[in-house]
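Reader: I'm new to this one and would rather look hard at a single spot than skim everything. Pick an aromatic side chain, please, and walk me through it, then show me how it fits with the rest.

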Amino acid sequence: MIESMCSNMQELKQLVAFNRKKRAFQHYQINKVHGECQPFTDREYKQVKLYGKSSYSKGKKFTFNAMWRGNNEKYDLKQVKKARL
């Protein structure tokens with residue numbers, strides 16, 4: 001796409017400079033309307049839930065419990081032969 005817009009390096013440099021100025025102006029307008037970024041106030045920071053390392057045991061993964069559920073039954077030879085057929 002850029003190749004079709006620029007035929008030489010000088011035009012490419014001008015295009016990049018123009019795009020940077022356009023992007024900077026857009027940031028300027030956004031900051032003019034909404035204001036610059038500011039940190040949280042104490043009240044806002046207290047509303048954020050932060051989770052640290054917990055001391056209780058976490059749930060195990062699928063391979064530790066649900067995957068092997070139902071595999072602990074004892075099968076009779078008749079049941080195995082019936083299941084294969």
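Author: Let's go with Tyr-28. With a relative accessible area of 48%, Tyr-28 counts as partly exposed, because that value falls short of the 50% that an exposed residue has to pass. Keep in mind that what you're looking at is a predicted model.

Now for its partner. A search for aromatic pairs gives a count of one. That pair is Phe-25 with Tyr-28: the ring centres sit 6.1 Å apart and the planes meet at 35°, so the pair is called tilted. Stacked would need an angle under 30 degrees, and edge-to-face one over 60. Why are these two about one helical turn apart? Because they are three residues apart in helix H2, which covers residues 9-34. Phe-25 is partly exposed too, since its relative accessibility is 46%.

How far can you trust this spot? Within the chain, H2 has the highest confidence, with a mean of 93, while helix H1 (residues 2-5) has the lowest, at 63. Where pLDDT is low, the predicted coordinates shouldn't be read in detail. Over the chain, the average pLDDT is 80, and 71% of the residues reach at least 70.

Step back now, and the chain shows four helices and zero strands. Read from the N terminus, that's simply α-α-α-α. Just 2% of the 85 residues count as buried. One residue on the buried side is Cys-6, because its relative accessibility is 13%. Cys-37, on the other hand, is exposed, at 82%. If you were hoping for a disulfide, the whole structure has zero of them.

There's another aromatic spot to visit, this time on the surface. Phe-40, Tyr-45, Val-48 and Leu-50 make up a nonpolar patch, and together they offer about 450 Å² of accessible area. Val-48 lies in the loop between helix H3 (42-47) and helix H4 (77-84). With a relative accessibility of 37%, Val-48 is partly exposed. As for the chain's whole accessible surface, it comes to about 9600 Å², with 56% of that belonging to carbon and sulfur atoms.

So, back where we started: Tyr-28 is partly exposed, and its ring forms a tilted pair with that of Phe-25.

How values were computed. Residues are numbered from 1 along each chain as its sequence is written. Side-chain values use heavy atoms; hydrogens and water are left out. Rings of Phe, Tyr and Trp (its six-membered ring) pair if their centres lie within 6.5 Å; planes under 30 degrees apart count as stacked, over 60 as edge-to-face and the rest as tilted. Buried means under 20% relative accessible area, exposed over 50%, partly exposed in between (1.4 Å probe, protein chains only). Patches are made of residues with over 30% relative accessible area and no salt bridge: like charges are joined within 9 Å, nonpolar side chains (Val, Leu, Ile, Met, Phe, Trp, Tyr) within 5 Å. Accessible areas come from the Shrake-Rupley method with a 1.4 Å probe; for residues, only the protein chains shown count as cover. A salt bridge is a side-chain nitrogen of Lys or Arg within 4 Å of a carboxyl oxygen of Asp or Glu. pLDDT is the predictor's confidence in each residue, from 0 to 100. A disulfide is a pair of cysteine sulfur atoms within 2.5 Å.
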